[in-house]
Structures are given as C-alpha cells and as structure tokens.
Amino acid sequence: MQRDVNQALAREFGLSADEYANVLAIMGRTPTLTELGVFSVMWSEHCSYKSSRIWLKTLPTTAPWVIHGPGENAGVVDIGDGLAAVFKMESHNHPSFIEPYQGAATGVGGILRDVFTMGARPVANLNALRFGAPDHPRTKRIVDGVVRGIGGYGNCVGVPTVGGEINFHPAYNGNPLVNAMTVGIADRNRIFLSAAAGIGNPVIYVGSKTGRDGIHGATMASAEFGKDSEEKRPTVQVGDPFTEKLLIEACLELMATDAIVAIQDMGAAGLTSSSVEMAGKGGVGLLLDLDAVPQREAGMTAYEMMLSESQERMLMVLRPDRQDMARAIFEKWDLDFSVIGHLTDTGRIVVTHKGVVEADIPLAPLADQAPLYHRPTAPTPARPTLGEVADPVGFGPALRKLVGSPDLCSRAWVWDQYDSTVGGQTVKRPGAADAAIVRIEGYRRALALTTDCTPRYVAADARTGGAQAVAEAWRNITATGARPLAVTDNMNFANPEKPEVMGQFADAIAGMGEACRALDFPVVSGNVSLYNETEGRGILPTPAIGGLGVLDDAAQAVGCALAPGLDLVAIGETEGWLGQSLWLREVAEREEGPPPPVDLAAERRNGDFVRGQILQGRIRACHDVSDGGLLVAVAEMALAGRTGARLTAPPPLSGTPSPHAIWFGEDQGRYVLATADSAALLEAAAAAGVPAARIGQSGGADLTLPGGDTISLASLREAHDHFFPAWMNA
Amino acid sequence: MKATVTVMLKNGVLDPQGKAIEQALGHLGYQGVGEVRMGKIIELDLAETDPARARAQAEDMSRKLLANTVIESFKVEVA
Amino acid sequence: MRAGIVVFPGINRERDMAIALAQATGAKPRMVWHTETDLSGLDLVVIPGGFSFGDYLRTGAMAARAPVMDAVRAHAGRGGHVLGVCNGFQILTEAGLLPGALLRNASLRFLSMDCHLRVERSDTDFTRHYQKGQVFRAPLAHGDGNYFADDDTLDRLEGEGLVIFRYASEEGAINDAANLNGSRRNIAGIASPNLRVLGLMPHPEDLVDPLMGGTDGKPLFDGLAAALAA
C-alpha cells in the first residue's frame, strides 16, 4: 500500500532533485509519504509562488486606505463610514477545463471563502473569463458549463454576480481561464486574520466532511499506488453552495462574538496549507489528530486527509472558553464542528492518525526554505509599427461587424443566467455602467467594481499591456464617478520555465507597477496561475485586473446608457492607433502592430477631470473608449439607452489620422460623456488642460455616422444580440 | 433493508429535461428513440428488516417528502 | 402591520424582503427561524426567496416539511396573510397552501432578468395599490418558475379569480414571448380562495428604491401595510 519515499517519488510529486535534497536536509531523515505530500504542496508553484514571488514583490501594495495588502486571504481597504472592503480574484483554470460546471462553481466557492474568512459578508461576485475560438469543438461546451457553474453556485449562495468580462481567442483553446472575484464588506475594526496564537488553544474543523476530492493528481495516477487505485482516482471537486451558504452565515454569526483567535479557509492543498499557514504565521506549533477529522469516506489515510481538496471547509483557532458557544452556532446551521488538535510551543506540525505519528515537520524551514526562483527571462520582440491600413469596408459594415463580434457582442445570454439583484443593493447591473455599482446595505456609500485585461495588447507588448489593464480598470471605475482605491490581480501565464514567458510576466508586472503607482491604485491581493499551456502552446499572457472604487453616495453614480437630447463630448486625444485594435483584427483580419501606448499622466489628468464633472452632477452618461474605439463606444451607449445619436465632429486629434483610424483606433485615456451643457463642460476641460470636443448629440432611433451614413439602432441591435443565442442554440 | 424509490414526472406533465435528452440523442444520430422521460432514484438504508414494513415505510416517506404527488409518481422496490 | 419573515437554511432574499417591509411599515420585521413554531402576533408571514435546503430534492420540498410550516398553516387557517415569493411560492405549493407546482424553466436555464406582470385583480390586500390591468416591472431570478397545474385546477383558479399576476409584455399583452419560464397560461402569481395567501415567482421586493432602477414593487408592500394597519 505505502510506496517507498525516494527521489523518484519526489519527482512524481513535483519536487526537483534540489528541492528534495533540501527536504532531506530539513528533516534529517527520509520523510514519510504524508510529509513528502506536505512539502510538495507547500512548495508547489500554487502555494509558494516560487517563480513569481521576486516579481510580485515589486508591485506597490500600500496607500493610506490599505488595511491589509497581499499575504492575507484577501486584500482589505478602508472605504469610509468605518467600513472595509475585502476582495480578491482567483483562478480556477485547469479544473474548469476538465469539468467546466464544477470547475467554475468551486472557483466561485473558493474565492467566497477567502473573503468571508476575513469577517466580511460577500456582497458581489465578478468573473473574468477567456475561452478558445468559438468554432473550436470544445469551446461551446466549456462556455455553457462555466456559465452554468458560476450561476449555479453564486445564485444559490445569494451573492449577486454583477460584472466581469469574456474574451475569445484560439490561444485559449486548450486552456480556458476562469478568474473569479468576490468583494465583501466588513467592520474595518473587525477583520479576522489567520495567524494562530495561544498555546493550548483548540484547532477546530468546521463545514463539510473530508473526502478524496482533488488529491494531488500526480501522486494518485501511479498504478502501483494501491490495488484499489481505480476507486481512489482523484475526483473532480464538487461544489455544494448550500453548505457554503450555511458556512457563511455560521461564520459571520460566530465572528460577531469574541470567540475566534484565527481562521483560515481550506482551499488548495486543504488541511495542509491551512494548518501550516495558520501556525507558521503565528509562530506556533500544531498537533493535529486526524481521527477527529469528519470523514465522508471510509479508510482514508493521513496522506489523503492532509491533501484532500474537499470544498466548504474552514479551520479555526478558538478561545477555549468559547468552544461550546461556537459549537452551538455550527450545530444550529447543521455543520460539522470538530476539535482536531491544539496549538503547541514546539514550532512543529505533528500529525497523528490511529495512534501513529504520520508527520512531524519543523514549520520555520518549511516556510523559510521554500524554493524561490529567479527564472531566466527573455524579452518579447517589439512588434513592427503598423503602416497605413486602408479601410476595406466603410464605417457602417465595420461597426456592425464589430458590435456583433464575439468579443464585443451582447453578453445578455450570459448575464441573464446570473442573479445580479439578490441583496437588493445592485444600483448598476451588468452592462448598465462601465463598472458595476453595488450599494452597501444601510449606507449611501457604494462600491464600483470591474475586471479588465486586454490580452492581445499584453502579448504584443507586455509592459504596455500590463499598464493598460490597470489603467482600464481605473478608467472604468472613474467613468461611474467612483474613486478608484485598489486592485486585485490574477496573473495567468504559460510555462514560466520558458524565458520568453517569464519575460512576459516580468514585463507585465513592471507595467502594472508603473500604472498602479501613477494612479494611486495599489495591489492588495492576487493570485498567480502558471503553466497554462497545452501541447507546447501557451495562452496569451493575461494579467486580469479586478478593480475596486468607492462612491460616497450611490445616487452620484452614472451609467453608460444614452438619453435623448444630450450633447456628446469626447475626452482625451485621438491619434488613431490601429495597432492590435479590434477593428484591425475583425475588419482588416490582421493581428499586428504594437498596442496603443499608455500615457499615465494623461490617463490620470483626464480621469480625474471626468470624475470631478460627474460628481458635480454635470454628466448624464459616461463610457470609456476601449475595445473597438470611439464609434463602438458611442454605439454601446446608444444600444444601452435605446437612444440614437448623430455624430457631427471629430474628437480632439493629434496629427492627421485617417477617418477610420479616428473612429476605430484604440488610443487610451479617452471617454465619451453625455451632458445637457457641453459649453460648461468644454470650458471646464479647457481650464483643466484636458482635450475635449463636442462630437455630436443624442436622439432618434438611428446612429448617424461621421460623413452622414445612417444605421438604424434596430439593425445594430440585431447584430449585437445575435452571436450568443445563435451560437449556443446551433 | 435497502429501499429504492424511483420518482418520475406523471404522464402529461411536461418534462423539459427528458425532451432535451431526446433531442440530444437525435443529434447524436440515434434513430427510433421515442419519448424520453427523466426521473430520479433515491436509495434508502432502512433499519427495518421486514420487507412489507420497509416498503410501507418507504412509501410513506415518498408520499410525505420524496415525491410531490401533484406532479410526480413513485415506485418503491425493497431488497 | 406586524410582519415576520421565515428563514430556512439556504434562504437568501430575506434581507431584501426585510428592507422592503421595513420601508412600508416603518418597523423591522421579525425574522422567524425554521424551527420556531409560534407565529402569534404576526399579521403577515412572508416566505422569501432563495434555495431552502439547497432545493436539492425538489424546490421547496424540504422546507415545506419544516416545523414552522405547521404554524404557517395554522396562521393561514386563522385567516392570516401569507406571502411567498420565488422559493417561498415553491414552498407554499409543496406545503399544499396553494395548488400546482413550479417546474424547471422551459429553457432549462436559470433566468435573471426583469419581467412585466399584469395585475389581474386589484381588490386584494396585496394588490390594492395597483390598478386592475396595470403592468409593472419586477426582477425575476429562478431556475424553476414554470407554473404547472392540471386543466381542472387551472380552470378553477381562473373561475374563482385566483390568478393574481400574469407574465405580460410591457404593453400588457399575454403572449408566449412574455412568458419567460413557460408557465401555464402565463401564470406568475396565484392566491388562496380567501385571497389571504399569495404566491408569486418574481421579486417585487427588489424594486422598491429608485436607485435600484425603480419602485414598481413598492405598491405591493404599501398596500399590504395599509390593509393590515393595526
């Protein structure tokens, strides 16, 4: 039954020869199977960030409003009124490829736990999704399953899904990305952390029972592992949103008392990582008795229990005198509650099972001597500048094609499957504004939430692309009138052992860091997902950014829907940048050129101006200019507001771009505003040194293009609404 | 004893899941599939050792909870 | 009006409902845990939306057998008012307080969107602040909202005027396009013969604040508060 522990097995467990040598040095003997399992998961890329750590630490993570930055279960920022927002984004990419429904569902469940573990009630979910080409045979099944899974879990736990993004690209054919973000609200003085304290304090396991879910695939695939290996094959993790809902309510009920010393959810590597992190952070030792772990299956070994990734479980350290009260709360919610150990002063994690010591590891070296790699990087060759590109089709057909393309078409088919209103606080639902707006129950205050990344920009120039992702999140929050506060990042990349991939990672981080610093928009939490590669083909580098901002008064929020009788004003300079634009890809059918440069000073100046105008009540609708350029931005506003527009003049120009470059170029730092008083707006812009020009006015049932061509909104809507239902029903 | 309860939608109640399966089978090229109905099977481990009493118990459970007799019918097997 | 909200494990719209009721009555409703059996003193018992017990057997099935439901039945038997929304409606049918059942949506997908409801009669305590024939907007969010009853039951419901809300177009037309979940005869809400027990699938409680996009659902709660003012 037990396999010999040696270097060959260590390799199967994912430990290199050097890493295994270090394990032997730390232990002073050959580790047991359970110990090897603990080292392998704690030193895995997922838990140790061994390839990414040296780069991540260059990101700015502080600001006066940051309460907890990276290193905790989620980031925590002060949002005023004595409240804190707790948020994080996390990937569940590989599980979502294997089993899209459960992969996505458990991704949502996991990120929810990261947030309520800290004492916050989850108030919003978002998700950033990237799928393969629509015509790839697997894509449709994956999209369907992921969307159902996100809805199935989020709808049941009663947390509204309010936003996110979806891209399609062949680079994701074998590696879809499912990045789930949760935002919660807590009392800023009652944030719960994971550092264990108090020698002798009980360690409590609550939630679902432990089964053999998702145990380290590499270790279990081995045929000689046991006669009944077929039975024990690692299974797909199955989410139970009902239990999660109970866990949320029970934890929050307990958190209103003074019972909890430390709390940590059991996520990846389950009991191992949660117990090691709690004890490690607290500088204490831990004795675990696995006989007390609630078990779903008979005959589980210590190794299996320590590595199980069964969902909906938490680990807590409680004040001993509050144990009975805590037990009563969890029993009221029909959840398992079991004392599985206590804190010790040994500095070691000791795991016993059936009277046998299965693991006995010193905690300090397990953490301190975790591998850290400065992997070689290679620069991405600069893309040649794009020369003149002729307009092959004209404005009307190009616009129809763009608004109907998979990356820009209506997401209603997706949103309609997510409960976006539960909680009764959703001020701006998906698609109603550049960022979702969720009011905080009992307050005027509201959060503005978005996820952003333009992977094709990152692939062409990772530094610019990294900066652009941060800038776009900041811009989307700004476009609602909210003050951007902080971001969470979800770094999805291919194999880091390839220098060009590591180069993308390093450059993207550099660009993100520049943008975060320039925009006072620090990174407070994040997650890294590497090795997103199938048969040597990697994904587009995708540093997804989840942004959070705050509005003092939800009533100040503006959406993007146009109303009739307003002037349209473009903010920001238009050079007509077609490199890596969607127009170039969808209309000219070329994926070329460098991405649009990001001028962070202009970004900040334009955005601060726009936000100021919104808060002064001058703006009726606002939309940032991003994918598809200015004409697409106006069309999206028109579609959202069921109101047409007549475009009569160009935006502020730099140089002499061709007409299609003006209207489809993807220059950064731009907005379209709808206002009843453009004179006042333009005067204010001039005073602030912000490029602004009146480009037209709203009204009617058509979109009249520059030059006079007219497209009915009805025909644009038809193009816009067509893709998802037609594709899914085909 | 082990009781197995099979719960099916009553005839005449629309079964959209069954219908979807029927269509999917058609798309996969299976000819000659008539109506498809989907239901559920619930297995109960009962302490009761007398088959008749076990059956009565399972039927009572079915009427009270396991099936909604407005729309569903059930069948109990005891082994 | 003294209102209570019954909370089963897995219910998730109890907070939304509490906000709407507090807005209408000026008082916080009492939250009633599913193991409680004493509802005395309440004028209105509300069963809100969510996924009681995960809806793992059938929607509402397990909640309908919880201890509190005997008390709800007794309350209804005394002529007390009961409102079931979404999962609450499903629970009321499973408990036998309203006829019929809620099946999977015809599309087999969870639906979250605004729908329009036509008010079929305004002479009830739930609809007195609406006009007969009035159309109002309400968010819906469910996977199993497809109302089913046999023809005899439907004929009886219609004959006795117990269909209170139907899915309609914005203009009030009753047609298949407006019938988002495939309900029989576009039925969105029905009442008991004494018009004191109402079940409906959509969520008027989520549209009681202009900031959230409108106040179309507010008359239902204001009307109840006015009717049941002590």
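**Exercise 1. Is A:C560 buried or exposed, and which cysteine sulfur is nearest to that of A:C560?**

Before solving this, a word on the model: it is predicted, so local features need pLDDT of at least 70, side-chain atom pairs count only at pLDDT 80 or more, and totals for chains, interfaces and linings use all residues. Residues are numbered from 1 along each chain as its sequence is written, chains are lettered from A and ligands numbered from 1 in the order in which they are written, and side-chain values use heavy atoms, with hydrogens and water left out.

*Solution.*

Step 1. Start with the surface. A:C560 has 5% relative accessibility and counts as buried (buried means under 20% relative accessible area, exposed over 50%, partly exposed in between, with a 1.4 Å probe and protein chains only).

Step 2. Now look for a partner. The nearest cysteine sulfur belongs to A:C622 and is 9.0 Å away, and A:C560 is in no disulfide (a disulfide is a pair of cysteine sulfur atoms within 2.5 Å).

Step 3. Try another cysteine, A:C156. Its closest cysteine sulfur is in C:C86, 12 Å away, which is too far for a bond. A:C156 is buried too, with a relative accessible area of 4%.

Step 4. Finish with the total: over all chains, the structure holds zero disulfides.

**Exercise 2. Describe how helices α16 and α23 of chain A pack.**

*Solution.*

Step 1. Know what to look for. Two packed helices are described by the angle between their axes and the distance between the axes.

Step 2. Find the helices: α16 covers residues 395-404 and α23 covers residues 629-641 of chain A. Helices (H or I, at least four residues) and strands (E, at least two) are DSSP runs, numbered from the N terminus.

Step 3. Read the geometry. The two axes come within 10 Å and cross at roughly 65°; axes are lines fitted to C-alpha atoms, for helices over the stretch in contact, and angles run from 0 to 180 degrees between N-to-C directions.

Step 4. Classify the angle. α16(A) and α23(A) are therefore roughly perpendicular to each other (under 35 degrees is roughly parallel, over 145 roughly antiparallel, 65 to 115 roughly perpendicular and the rest oblique).

Step 5. List the residues. From α16(A) come A:F395, A:L399, A:L402 and A:V403, and from α23(A) come A:L631, A:V632 and A:A635 (contact means heavy atoms within 4.5 Å). These divide into seven nonpolar, no polar and no charged; Ala, Val, Leu, Ile, Met, Phe, Trp, Tyr, Cys and Pro count as nonpolar, Asp, Glu, Lys and Arg as charged, and the others, Gly among them, as polar.

**Exercise 3. Repeat the analysis for α8 and α26 of chain A.**

*Solution.*

Step 1. The axes of α8 (residues 139-157) and α26 (residues 713-729) of chain A come within 10 Å and cross at roughly 110°.

Step 2. That angle makes α8(A) roughly perpendicular to α26(A).

Step 3. On the α8(A) side you will find A:T139, A:K140, A:V143 and A:D144, and on the α26(A) side A:F724, A:W727 and A:M728.

Step 4. Sorted by type, the residues of this contact are four nonpolar, one polar and two charged.

**Exercise 4. Place B:I71 in its surroundings.**

*Solution.*

Step 1. Locate the residue: B:I71 sits in the loop between α2 (51-66) and β3 (72-78) of chain B. At 5% relative accessibility, B:I71 counts as buried.

Step 2. Gather its contacts, leaving aside neighbours within four places in sequence. Within chain B they are B:M8, B:L9, B:K10 and B:V13, and from chain C they are C:A101, C:L103 and C:F148.

Step 3. Zoom out to the chains. Two pairs of chains touch, and the most contacts are between chains A and C. No contact joins chains A and B, whose closest C-alpha atoms lie 11 Å apart.

**Exercise 5. Examine the phi of A:D520 and C:C86.**

*Solution.*

Step 1. Recall the background: most residues other than glycine have a negative phi.

Step 2. Check A:D520. Its phi is positive, about 50°, although it is not a glycine. A:D520 lies in the loop between α20 (499-518) and β18 (523-529) of chain A and is partly exposed, with a relative accessible area of 40%.

Step 3. Check C:C86, where phi is near 60°, again a positive value in a residue other than glycine. C:C86 is in the loop between β4 (81-85) and α3 (87-94) of chain C and is buried, with a relative accessible area of 5%.
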